[in-house]
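Please take a moment to look over the protein shown below, and then follow the paragraphs after it, which move from the whole fold to its inner spaces and to a few single residues.

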Amino acid sequence: MHNISHAYRLAKDGDAVQLRKSSVDAAALAPRQIRVQMHAVSLNYRDLLALRGAGGDMRDGLIPLSDGAGTVLEIGAEVRQWRVGDRVAPSFFAAWQGGPFRKTHMASALGGGQRDGVLSERIVVDADSVVAIPSHLSFSQAATLPCAAVTAWHALVERGGMKSGETVLIQGTGGVALFALQLATALGAKPIVISSSEEKLERASALGAWHTIHYGAQPDWDRAVLDITDGAGADHVLELGGPATFERSIAAVAAGGKIAQIGVLTGFGPTPNLLPIQFLNAQINGICVGSGAHFSAMNRFLETHIIEPVIDTEFSYDEVPLAYDYLASGRHFGKVVVHM
């Protein structure tokens, strides 16, 4: 095995952050660690925030990205659950493998703060912090799962308890949104997708959307949701926008419904009036990705229902800056992937 591999790092340059490719020495494995040869990684909106310097206490020289898939290259002396050649993906939170979320888990998020991520030819991780990837998926497809797919699964299935026949309002057609659409369709729920792109709405319909709303033509999309549901509202609302959309999400949720608070696409700002939630007996669930147990359960579901992630574009390892630019453009429908 070569002792040197390459990785991209986020290097601080005054107030700016730059992507820089550098060499990485192969560290010796601890007894419970594994070395993974990465074959593909994917980008999330969170990664754009980090590159824009909105990563908070981000360490200078941090290796970014949380999502990737590869093969086990080497195992530590005490590792029993994995063998060389196994196909795996790391969990977003290396320390959250099951049970309730703890504040201490946050520091273990890959590619953020102080914890190196997966934009590297090889990574070293704890053996307990990776999961087997679905057998029917390619590495590029599996690389899209750890953040966006697990977030949608946690929101709608683990916390939402979504059932067949229930309605779910999905904002946009980004990574989390499309996984939510695919999961909802497989479970027999009725997804309503909003977007400002007619083309993207047509593609969402092809993936199983029950209704679509063009919010450019219908800016009061909360009223449109009520019309579609005969005044009842949506049983589940995937709140991905943030301050600019939250008021309408509250207006669109059904009595006893659930809002999954996930996104900050419109920035950070004050919370809206939450009083209607009380009188609707509705609830808001804060969702921050999910655990390794959630990841494994979702992968079994993906295999059973033969669900394949939607990939918009794949870039080569030398085109990583272009992949960031393309994600920032907002033109994508589905995930942006880098194959190594």
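In this predicted model, residues 24 or more positions apart account for 68% of those contacts in the protein that have a separation of 6 or more. The elements that take part in the fold are 10 helices and 15 strands. The radius of gyration of the protein is 20 Å, close to the 20 Å that the globule rule gives for 340 residues, so the protein is as compact as a globular protein of that length. If a box is drawn along the principal axes, the C-alpha atoms fill roughly 65 × 45 × 35 Å.

The next topic is the division between inside and outside. Of the 340 residues of the protein, 51% count as buried, while the area that the protein exposes comes to about 14500 Å². Carbon and sulfur atoms supply 51% of that exposed area.

How many cavities of 30 Å³ or more does a search of the whole structure find? The search finds 1, and the volume of this largest cavity is about 40 Å³. Its lining is made by A155, L156, G160, H236, V237, L238, K258, I259, A260 and N285. Three elements, α3 (145-158), β11 (234-239) and β12 (253-261), each supply at least two residues of this lining, and by class the lining holds 6 nonpolar, 3 polar and 1 charged residues.

One of the lining residues of the largest cavity is V237, and it is a useful place to pause. V237 sits in strand β11, and its relative accessible area is 1%, which is under the 20% that marks a residue as buried. Once its neighbours within four places in sequence are left aside, V237 is in contact with L169, S249, V253, K258, I259 and A260. Among these partners, K258, I259 and A260 also belong to the lining of the largest cavity. The sequence and the space around V237 can also be compared through V168, which is 69 residues away in sequence, although the two C-alpha atoms are 5.6 Å apart.

R159 offers another view of this part of the chain, since its place is in the loop between α3 and β8 (167-171). Is R159 buried, exposed or partly exposed? With 36% relative accessibility, R159 counts as partly exposed, as this value falls between the limits of 20% for buried and 50% for exposed. Not counting residues up to four places away in sequence, R159 touches H154, K258, N285, G286 and I287, and of these K258 and N285 are also found in the lining of the largest cavity. From R159 to S66, the separation is 93 residues along the sequence and 22 Å in space, C-alpha to C-alpha.

Besides the cavity, there are pockets to consider. The second largest pocket holds about 400 Å³ of space and is lined by 21 residues, of which V24, D116, R122, I123 and V124 lie nearest its centre. The strands β1 (4-13), β2 (16-25), β3 (33-42) and β6 (122-126) each supply at least two residues of its lining. Which of them gives the largest share? It is β6, with 5 residues. The lining of the second largest pocket divides into 9 nonpolar, 6 polar and 6 charged residues.

The backbone deserves a look as well. Most residues other than glycine have a negative phi. Against that background, L65 has a phi near 80°, a positive value in a residue other than glycine, and I306 has a positive phi of about 50° although it is not a glycine. Both residues are placed in loops, L65 between α1 (45-51) and β4 (67-75), and I306 between α9 (292-304) and β14 (311-316). In their surroundings, however, they stand on opposite sides of the cut-offs: L65 is buried, with a relative accessible area of 0%, whereas I306 is exposed, with a relative accessible area of 61%.

A last stop is L73, which lies in strand β4. At 31% relative accessibility, L73 counts as partly exposed. The C-alpha atoms of L73 and M38 are separated by 9.5 Å, and the two residues are 35 residues apart along the chain.

Technical notes
Residues numbered from 1 in each chain as written. Predicted model: local features only at pLDDT ≥ 70, side-chain atom pairs only at ≥ 80, totals over all residues. Heavy atoms only, no water. 1 Å grid on protein atoms, 1.4 Å probe; cavity = no way out; pocket = protein on both sides within 12 Å on 5 of 7 lines; lining within 4 Å. Points joined across faces, edges and corners; volume = space filled by probe spheres on them. Helix = DSSP H or I, 4+ residues; strand = E, 2+ residues; numbered from the N terminus. Nonpolar A, V, L, I, M, F, W, Y, C, P; charged D, E, K, R; others polar. Rg over C-alpha atoms; globule rule 2.2 N^0.38 Å. Buried < 20%, exposed > 50% of the residue type's maximum accessible area, 1.4 Å probe, protein only. Contact = heavy atoms within 4.5 Å. Areas by Shrake-Rupley, 256 points an atom, 1.4 Å probe, with all protein chains shown as cover.
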